[in-house]
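Got your viewer open and a selection box ready? Here is a short walk through some ring pairs, a couple of charges and a helix packing.

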Amino acid sequence: MKLFWVKGFEATSITDLTTALGIGPTSLYAAFGSKEALYAETLKLYAASYEHLVLGRFRTAPTAREAMSAYLLDSAAAMTGSDADLPRGCMVNLGTVGGSEYAELGALMRTTRGGTYDVLLGRLEQAVRNGELAPSVDLSGLARYLQIVQSGMAIRARDGASREELQTVAKLAMASWDALVRGAGAP
């Protein structure tokens with residue numbers, strides 16, 4: 001998983017994988033069927049192993065604002081490996097799969113990234129149901145805005161940005177919260 005996380009799908013060779021796993025190519029194909037299937041399994045493992053680093057406090061926050069702030073601030077910590085010995089960035093945000101020969105895997109990546117949007121949107125919709133946000137707020141735009149901020153943070157983390165730099169970005173994004181939820185929608 002960490003090999004794919006650092007190098008990406010296409011740059012990771014079968015030799016890289018067999019060396020990291022300590023098995024031969026025949027065993028790799030027998031266990032997973034293909035490099036693509038192994039990558040799909042690593043995405044599941046990634047979510048199961050590390051989702052809590054970004055969404056743990058998000059899920060328990062009492063307000064949508066606190067949830068979104070936790071999402072961005074905790075992303076800053078997770079993406080810089082500050083709290084664990086992890087590669088920089090986000091495997092899902094930075095995982096690209098190109099070419100028509102990998103269309104199914106590319107679709108999986110888009111669906112996986114779309115899941116984050118769905119989680120954010122769901123929390124914002126809950127805030128409307130709870131009377132915390134006005135129904136006129138552009139929930140879709142707000143969820144997409146926060147997701148894109150976090151995606152940009154992943155790129156900067158991969159490029160070496162510090163946790164503090166990314167936390168500053170998170171705080172600046174949250175500073176716009178009041179203007180964004182006044183009901184006029186995202187600018």
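Select Phe4 and Tyr39 to begin: in this predicted model, both residues are buried. They belong to one of seven aromatic pairs that a search of the whole structure turns up. How are the two rings of Phe4 and Tyr39 arranged? Their planes stand at 85° with the centres 4.8 Å apart, so this pair counts as edge-to-face, the cut-off for that label being over 60 degrees. Now colour by secondary structure: Phe4 sits in helix α1 (residues 2-7) and Tyr39 in helix α4 (residues 35-60), so that the pair links parts of the chain 35 residues apart.

Keep α1 and α4 on screen and pick Trp5 and Tyr50. Here the ring centres lie 5.5 Å apart and the planes meet at 55°, so the pair is tilted. This is another link between distant parts of the chain, with Trp5 in helix α1, Tyr50 in helix α4 and 45 residues separating them. Is this pair buried or exposed? Trp5 and Tyr50 are both buried.

Next, add Phe9 to your selection. Together with Phe4 and Tyr39, Phe9 forms one aromatic cluster. Show Lys35 as sticks too: its charged end sits over the ring of Phe9, 4.5 Å from the ring centre.

While you are in helix α4, click on Thr42, which lies in that helix. Thr42 has 6% relative accessibility and therefore counts as buried. Which residues does Thr42 touch, leaving aside those up to four places away in sequence? Show Met1, Phe4 and Met91 to see these contacts; Phe4 is the residue you met in the edge-to-face pair with Tyr39.

For a second charge over a ring, jump to Tyr117 and Arg144. Arg144 lies over the face of Tyr117, at 3.8 Å from the ring centre.

Finish with two helices, α5 (residues 64-79) and α9 (residues 163-175). Two packed helices are described by the angle between their axes and the distance between those axes. For α5 and α9, the angle is about 160° and the axes are 8 Å apart. The two helices are therefore roughly antiparallel to each other, and α5 passes α9 in a right-handed crossing. To see the contact from the α5 side, select Arg65, Met68, Ser69, Leu72, Leu73, Ala76 and Ala77. From the α9 side, choose Arg163, Leu166, Gln167, Ala170, Lys171, Ala173 and Met174.

Definitions and conventions:
Residues numbered from 1 in each chain as written. Predicted model: local features only at pLDDT ≥ 70, side-chain atom pairs only at ≥ 80, totals over all residues. Heavy atoms only, no water. Phe/Tyr/Trp six-rings, centres within 6.5 Å; stacked < 30°, edge-to-face > 60°. Helix = DSSP H or I, 4+ residues; strand = E, 2+ residues; numbered from the N terminus. Buried < 20%, exposed > 50% of the residue type's maximum accessible area, 1.4 Å probe, protein only. Lys NZ or Arg CZ within 6 Å of the ring centre and 35° of its normal. Axes fitted to C-alpha atoms, helices over the stretch in contact; angles between N-to-C directions. Parallel < 35°, antiparallel > 145°, perpendicular 65-115°, else oblique. Left-handed = near helix turned anticlockwise from the far one by under 90°. Contact = heavy atoms within 4.5 Å.
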